[in-house]
Amino acid sequence: MDGANMNAQVGLTSPGNIGADVCHLNLHKTFAIPHGCGGPGAGPIGVAAHLAPFLPSHPVMKVGGAQGIHAVSAAPYGSALILMISYGYIKMMGGKGLTEATKLAILNANYIKESLKDSYATLYSGSNGRCAHEMILDCREWKKEGVEVTDIAKRLMDFGFHAPTTSFPVVDTLMVEPTESESKAELDRFCEAMIAIRKEIEEVITGKVDKKDNILKHAPHTAKAVVTSDWTRSYTREQAAYPLPYVRENKFWPAVARVDNVYGDKNLICTCPPLSSYI
C-alpha cells in the first residue's frame, strides 16, 4: 500500500486494518516534517508479521530480520533526528487531536470538491460521491482544445497559489490536497481562483481568445513583464496581474515567467557557482 501520507486514516483506520502487507509512510504533511527535497524527509516502512524476517539488515548495526536483505540506507534508521518533529507533534495533538485533524482534512477536500463541481469533473469518488483527503480534478478534455494542465498550474501562480500536483497519479489532472490546516477563507480563495481559470479556459474553447496567444499560455506574469512599456498581448495588464480583487491585497509576484519544461527535463542546467569560487 502506498502510504504517501496518512491524512485520511489517522484515528479512523490504518493500513493494517485495510489489509496492507507493506506500507511506506511518509511523515510529511500528516506528521509535520518537511516534504521530500525540502527535507530531510523520513518515513517508516511497516510490514505485516509474515514479512518481518525479511526487513533490511545493516553491515554496522544489527537491525532487520533473520533473512533480511542488504541495507537500503547508509544510516540504519535513516534521518532519525527528523522524527523528533513528528514525535512532538503526536504528543501535542494526542489521539483526539490527530483524529480531528483527519476529519478536517477529509471535510476540507470535500468542501473544495463541492465548490468546484460545476467547473471541474473529479475522478475516483466513493459510493456516496465523496472523496477522501484529496481529489483529482480532470483536465484531460481540454487538451484537444489546446489547454494543458500546465497552463492551469502556471496561471494559479498569478493568483498567489503554488500549483497542486500535476499529472499524478493520472496524466493531465490536478491532485488537490487542502489538508486540515487551511481556513475556510483560504479554501474559498482557492476555489475562486480555480473557477476564474475555468472561465478563461472556456474563452479558449469558444474561440473568444486565440489558442496560442492567451492569458493561460503566457502565465505566470512577472512584475517585469507587466510594467514593460512594450505590452502587446491581447489582454490587459490588470487581467494578467490582478485577476481577482483579493489578489491586490497581497500580491505574490512570480520570479520568472513560463519556462520550457521539456527543455529543462532534457538538458542539465547547473546554476551552482563554479569550482573556482570555492578556492
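The exercises below treat the two sheets, the pockets and the cavity of a predicted model.

Residues are numbered from 1 along each chain as its sequence is written. In this predicted model, local features need pLDDT of at least 70, side-chain atom pairs count only at pLDDT 80 or more, and totals for chains, interfaces and linings use all residues, while side-chain values use heavy atoms, with hydrogens and water left out.

**Exercise 1. Determine the order of the strands in the sheet that contains β2, and state which residues stand opposite each other.**

Step 1. Strands are DSSP runs of E with at least two residues, helices are runs of H or I with at least four, and both are numbered from the N terminus. Two strands pair if DSSP finds at least two bridges between them.

Step 2. The sheet is open, has 3 strands in the order β1-β2-β3, and is mixed in its pairing. Its edge strands, each paired on one side only, are β1 (2–3) and β3 (45–47).

Step 3. β1 and β2 run parallel and are joined by 2 bridges; here G3 has L25 in β2 as its bridge partner.

Step 4. β2 (residues 22–25) and β3 run antiparallel, with 3 bridges between them. H24 stands opposite I45 in β3, and C23 has G46 of β3 as its bridge partner.

Step 5. The covered face of β2 carries C23 and L25, whereas V22 and H24 are on the uncovered face.

**Exercise 2. Trace the sheet that contains β7 from one edge to the other.**

Step 1. This open sheet has 4 strands in the order β4-β5-β7-β6, with antiparallel pairing. The edges are β4 (121–123) and β6 (165–166), each of which pairs on one side only.

Step 2. From β4, 3 bridges lead to β5 (residues 135–138), and these strands run antiparallel. L123 stands opposite I136 in β5.

Step 3. Between β5 and β7, which run antiparallel, there are 4 bridges; I136 stands opposite M175 in β7.

Step 4. The antiparallel strands β6 and β7 are joined by 2 bridges, and M175 in β7 is the bridge partner of T165. The hairpin of β6 and β7 has 6 residues between the strands, and S167 takes a positive phi near 55° in it.

Step 5. β7 is covered on both faces: T173 and M175 on one side, and L174 and V176 on the other, are all buried (under 20% relative accessible area with a 1.4 Å probe, protein chains only; exposed is over 50%, partly exposed in between).

**Exercise 3. Locate the largest pocket and explain why it lies between two domains.**

Step 1. On a 1 Å grid over the protein atoms alone, a pocket is an open set of points with protein on both sides within 12 Å along at least five of seven lines, a cavity is a set where a 1.4 Å probe fits but cannot get out, and lining residues have an atom within 4 Å of a point. Points are joined across faces, edges and corners, and a volume is the space filled by probe spheres set on them.

Step 2. The largest pocket holds about 910 Å³ of space. Among its 29 lining residues, K29, T165, M175, V176 and E177 lie nearest the centre.

Step 3. Two elements give two or more residues to this lining, β7 (173–176) and α4 (184–205); α4 gives the most, with 3 residues.

Step 4. Domain 1 (2–102) and domain 2 (112–259), with bounds from an automatic or database domain assignment, both give residues to the lining, so the largest pocket lies between them.

**Exercise 4. Compare the residue classes that line the two pockets.**

Step 1. Ala, Val, Leu, Ile, Met, Phe, Trp, Tyr, Cys and Pro count as nonpolar, Asp, Glu, Lys and Arg as charged, and the others, Gly among them, as polar.

Step 2. The lining of the largest pocket has 14 nonpolar, 9 polar and 6 charged residues.

Step 3. The second largest pocket, with about 710 Å³ of space, has 24 lining residues, of which G43, P44, I45, V72 and P76 lie nearest its centre. Its lining has 15 nonpolar, 9 polar and no charged residues.

**Exercise 5. Describe the surroundings of N7 and the cavity that it lines.**

Step 1. N7 lies in the loop between β1 and α1 (15–18). N7 counts as buried because its relative accessibility is 2%.

Step 2. A polar contact is a pair of N or O atoms within 3.5 Å; within protein, one must be able to donate a hydrogen and the other to accept it, and residues adjacent in sequence count only if both atoms are side-chain atoms. The side chain of N7 makes such a contact with that of T30 (2.5 Å) and another, of 3.4 Å, with the side chain of E180.

Step 3. The whole structure has 1 cavity of 30 Å³ or more, and the largest cavity holds about 70 Å³. N7, T30 and E180 are among its lining residues, which divide into 7 nonpolar, 3 polar and 1 charged.
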